[in-house]
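Reader: I would like a close look at a single part of this model, with the terms spelled out. Please take one helix and what surrounds it, then whatever else is worth setting beside it.

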Amino acid sequence: MRVLVLGGGAREHALVRALLADPEVESVVCAPGNAGIARDVRTAPLDLTVPSDAAALALSLAVDLVVVGPEGPLVAGVADAVRASGIACFGPSAEAARLEGSKAFAKEVMAAAGVPTSRSAVATNADEATRALDDFGAPYVVKDDGLAAGKGVVVTDDRDEALRHAIACDRVVIEEFLDGPEVSVFALSDGTTVVPLVPSQDFKRVGDGDAGPNTGGMGAYSPLPWAPPDLVEEVYKTVLAPTIEEMARRGTPFAGLLYAGLALTSRGVRVIEFNARFGDPETQVVLARLRTPLGQLLHAAATGGLAQLGPLEWAPDAAVTVVLAAPGYPASPELGGVVEGLEVAAEEPGVVVLHAGTALDPQGRVVSTGGRVLSVVATGPDVATARDRAYGAVAHLRLDGSHHRTDIAAGI
């Protein structure tokens, strides 16, 4: 099997490495990739916003499978274009990707499917936003209806801040606050069969103790020793299967990766949001634990064959990832800084350093090109050991002005 991975972040670096470990995968190409991915596989330039370009690249490489990493290309219809060219593609159609592309649409689907979620209202102007904020009360939860790279959500006790965010967006979903810890559960779907993966937890706020604004994610870990033992089964029955069934009923079957962001509230499991692709940084820890060959899994999902596969196999080890971010992230990241210590960090036991926003400068040095620069992933017999290894590796990395959270998976 020859595979083309689309994207250039740490999620795609994790996907590339997991695909290379599959004995059925002959070769992997990543477009556009980054400095770290380019050390592992061939990379190719690509504008991910042009579906026809992605399909043309896949045809020119004669690949058997295309794996779409980011949400933007999915919403733009890249998966549709690739499939129309006759190549299998792991990723939902543009219509199905609306589960992430529009939070209002996702709420509509959840209501039709009977999926438990928060009460919400859609607002397109200041008057509607004001009424909704007053209806739900603090803490206020305001979400940009469209794609915002994980940074379009404001959760605050400050009504003025919530209203400003609502007015700054063309269309928002305002909803009641959900208490309890958050959990991410991914599921593979071929449009009919649904195969859930192990749960993980990510850390969206930029600072320790969940302080500061939302980011694309500052770290994650898996497994969750504190989670109910039947969590995945419950999520499958009440969230994943009903959603896939509803999408099929609408004539827009969802084939790809359905990401359920959940809150374990005092009233039970509630969906916070859906994403239509592998989450970042949760993918880094989930794939670190997966023993089932990934290429065969994704190809089965892309070609309607999930029902023929046996149960997934998982390593008993834990995995923790810590994100190293550029100075000024998430508001105004300063790019172009030189990253040092990569080789020493990777020598720590159980550690893999995945690249996110990186490139090589004319001198051949690794420099930052994005807000999230690196994702340091470590495994170990338990969460505490994996955490110690991850932070031990982070200590070797140097990027002037960079920052990272120091409390990922603390106390687990």
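Author: **Helix H7 and its surroundings**

Helix H7, residues 103–113, has Lys103, Ala104, Phe105, Ala106, Lys107, Val109 and Met110 buried (under 20% relative accessible area, with exposed over 50% and partly exposed in between, for a 1.4 Å probe and protein chains only). Helices (H or I, at least four residues) and strands (E, at least two) are DSSP runs numbered from the N terminus. The model is predicted: local features need pLDDT of at least 70, side-chain atom pairs count only at pLDDT 80 or more, and totals for chains, interfaces and linings use all residues. Residues are numbered from 1 along each chain as its sequence is written, and side-chain values use heavy atoms, leaving out hydrogens and water.

The cover over the buried residues of H7 includes helix H6 (98–101), strand S6 (120–123), strand S7 (140–144), strand S9 (172–175), helix H10 (231–249) and strand S17 (268–275). After H7 comes Gly114, with a positive phi near 70°.

Next, the nonpolar cores. A nonpolar core is a set of buried Ala, Val, Leu, Ile, Met, Phe, Trp, Tyr and Cys residues joined through side-chain atoms within 4.5 Å. The largest has 76 residues, of which Leu4, Leu6 and Val66 touch the most other members. Leaving out residues up to four places away in sequence, Val66 touches Leu4, Leu6, Ala58, Val82, Ile87, Ala88, Cys89 and Phe90, contact being heavy atoms within 4.5 Å. Another core of 42 residues lies apart from the largest one, and its members include Ala10, Leu65, Leu188 and Leu287.
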